[in-house]
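Trainee: I am new to this structure and would like a close look at one part of it. Could you take me through the core, and then through some of the helix contacts and loops?

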Amino acid sequence: VFLQPTGYMENSISYSAIEDVQLLSWENAPKYCLQLTIPGGTVLLQAANSYLRDQWFHSLQWKKKIYKYKKVLSNPSRWEVVLKEIRTLVDMALTSPLQDDSIHQAPLEIVSKLLSENNNLTTQDHESIIVAIAPLLENNHPPPDLCEFFCKHCRERPRSMVVIEVFTPVVQRILKHNMDFGKCPRLRLFTQEYILALNELNAGMEVVKKFIQSMHGPTGQCPHPRVLPNLVAVCLAAIYSCYEEFINSRDNSPSLKEIRNGCQQQCDRKPNLPLRLLHTSPDLVSQEATLTESRLKPVIVTSNEIHVEVERNNTANQKMTANVGNDSEPNLIDCLMVSPTCSTMSIELSAQADRILGCYVEILKMLSDYDDWRPALASLLQPIPFPKEALAHEKFTKELKYVIQRFAEDPRQEVHSCLLSVRAGKDGWFQLYSPGGVACDDDGELFASMVHILMGSCYKTKKFLLSLAENKLGPCMLLALRGNQTMVEILCLMLEYNIIDNNDTQLQIISTLESTDVGKRMYEQLCDRQRELKELQRKGGPTRLTLPSKSTDADLARLLSSGSFGNLENLSLAFTNVTSACAEHLIKLPSLKQLNLWSTQFGDAGLRLLSEHLTMLQVLNLCETPVTDAGLLALSSMKSLCSLNMNSTKLSADTYEDLKAKLPNLKEVDVRYTEAW
């Protein structure tokens, strides 16, 4: 690096040539000048003011000293001298008045280079150097080579006090301030190794738990927004590493498609890894007519320390054979035989990989216990960011079940809605842990819990019921037969909304309902509601109806049960006390075209239900209601809307633009006193 020539200087001066730097302080000296002593003379540098002169002075001193330390530490002779120089270098960085990231980073990079070029250091030397540079790490991330050195120390000396005393604040800073592990993957690897080192202590996971608690803080809300995504990133990378060897050997092991097709194409694969295909046992074949649980012998694939065993039953084998002609890579869930008679795939990891997996799945479980972290955690895990091998590993899915259960128990829609897939055609946690799913290891208890919470807030109720009827009707009926109240309700809703077209299936559902006391009672209630619905929808009655102010949901229900309202086209509930609960009565009015909900407590949940059933509604007044974007977006399915009043609601500009684009018949819109105004 050179000082650029200015003034009367004809040649630049290298920092290494500067012997001394002084401030001119004698009487009558030129103002704001520095004197540089170089071989053969001196040079004066004049600044515009004293602040700039001082900046130059300290910068030149810093550069001069850094050059000296680079030279000294590049050829170490005695390590006691090197250690002393490192301490002096650190003190210089800490006491420098210069405010710049490089002031602390430059010494760290010098030490990092020193360590990378000298591999014969003792453990004591390692720890002495780490302790010496610890003050610089309080406000700076370690450079990549230093991270590598720290990782090695965590692996080789996990019980060293350096791990607790020096590394803990460094890792805490990384988790609080790191913005992207993709740009600095060694920071993530260091954090990962540090947590594993904590797990090696006597108290094991208790120490890890206390560390997670310290990162969250004592209050109900973690003050550091980057901690959770960084912890999740570390967990995902660690879990991936457990299966990495098998993932890397996919070319040599049965692909998911080959597993589906019964490993018919094994000869097309590279023969490097041992593969043994066992044919169907004749004894089993002869018993298949009478034994429903007869199995084919397993296909075994060994990849070094990872052992994979796939068992296929006869039903699954037929399904695989039916798909042999499909050249596309199969859907993961289909490949793993998501059916009531699913295959089992067990993966056996090495002891080290097993410890890593246990540690980081346990951390995910800890994270799911924090209420404030659960929404973001659910969102991060919604795309199922785990390798296929992990999802096929019984131990992994069994341990992760606790996290999914926590999502299913959370009443907040932003949490439990993440159980569903991120987009159509892609499976989510709901499918994985449903009966027949590869991760399901119970009799449907978690499935029933997920259905219960999703039905309570799912704005696409009919669509959700259709999906259940198409894919999970068998498990629903089985659980209802065993007296599960949630599944009894689901079957009743399928009948009420005419989800099932097939008459035989309807009769089978009715028989299932009548086989238990709870089912019989709820089916009788359904029949009563159907009779009332027929009476309500019978042609006749008023075409316009206005409820008195302060009327409640119960008042509306009582009124609508008193006669026929098949002709009702205009209903005003303005200034009443009705809520979203009245939506279940409103959707039963077949001729309703105009609905006034001005200044009511009608919210998003009710709006979602209306949007699914009252598709012929033309006029809707939501002025001064508590609806938000979450509910208003659902109105995009009401293509007949001509007039929409959203005055004084929580409508955003983006949602307003979206509604205008999706409602072609919309002519009158009131968005005053909203963000879109």
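**The core and its surroundings**

Mentor: Happy to. The largest nonpolar core has 176 residues, and Tyr360, Phe386 and Trp429 are those with the most contacts inside it. Please keep in mind as we go that this is a predicted model.

Let us stay with Tyr360 for a moment. Leaving out residues up to four places away in sequence, Tyr360 touches Thr191, Gln192, Glu193, Ile195, Leu196, Val234, Cys235, Ala238 and Ile239. Apart from the largest core lies another one, of eleven residues, with Tyr15, Leu34, Ile38 and Leu60 among them.

It helps to set these cores against the whole chain. The protein chain has 677 residues, and buried residues make up 48% of them. Its secondary structure comes to 31 helices and 15 strands. Of the contacts with a separation of 6 or more, 64% are between residues 24 or more positions apart.

One of the partners of Tyr360, Ile195, leads us to a pair of helices. Helix H7 covers residues 185-199 and helix H8 covers residues 205-216; their axes come within 7 Å and cross at roughly 130°. That angle makes H7 oblique to H8. On the H7 side, the contact is made by Tyr194, Ile195, Leu198 and Asn199, and on the H8 side by Met205, Val207, Val208 and Phe211. Sorted by class, this contact has seven nonpolar residues, one polar residue and no charged residues.

A second pair is worth viewing next. The axes of helix H4 (residues 123-137) and helix H5 (residues 144-156) come within 12 Å, crossing at roughly 130°. Here too the angle gives an oblique arrangement of H4 to H5, and H4 passes H5 in a left-handed crossing. H4 brings His126, Glu127, Ile130, Ile133 and Leu137 to the contact, while H5 brings Leu146, Phe149, Phe150 and His153. By class, the contact of H4 with H5 has six nonpolar, two polar and one charged residues.

Now look at Gln105, which is found in helix H3 (residues 101-117). Once its neighbours within four places in sequence are set aside, Gln105 is in contact with Asn140, His141 and Pro143. Take His141 as an example: Gln105 and His141 are 36 residues apart in sequence, yet their C-alpha atoms are 8.4 Å apart in space.

Finally, two loop residues deserve a look at their backbone. Ile384 lies in the loop between helix H16 (374-381) and helix H17 (388-391). Its phi is near 55°, a positive value in a residue other than glycine. With a relative accessible area of 13%, Ile384 falls under the 20% cut-off and therefore counts as buried.

Ser648 sits in another loop, the one between strand S14 (643-645) and helix H31 (653-662). Ser648 is not a glycine either, and its phi is positive, at about 60°. Its relative accessibility is 28%, so Ser648 counts as partly exposed. When you turn the model, you can set the two loop residues side by side: Ile384 is buried, whereas Ser648 is partly exposed.

Definitions and conventions. Residues numbered from 1 in each chain as written. Predicted model: local features only at pLDDT ≥ 70, side-chain atom pairs only at ≥ 80, totals over all residues. Heavy atoms only, no water. Axes fitted to C-alpha atoms, helices over the stretch in contact; angles between N-to-C directions. Helix = DSSP H or I, 4+ residues; strand = E, 2+ residues; numbered from the N terminus. Parallel < 35°, antiparallel > 145°, perpendicular 65-115°, else oblique. Left-handed = near helix turned anticlockwise from the far one by under 90°. Contact = heavy atoms within 4.5 Å. Nonpolar A, V, L, I, M, F, W, Y, C, P; charged D, E, K, R; others polar. Core = buried A, V, L, I, M, F, W, Y, C linked by side-chain atoms within 4.5 Å. Buried < 20%, exposed > 50% of the residue type's maximum accessible area, 1.4 Å probe, protein only.
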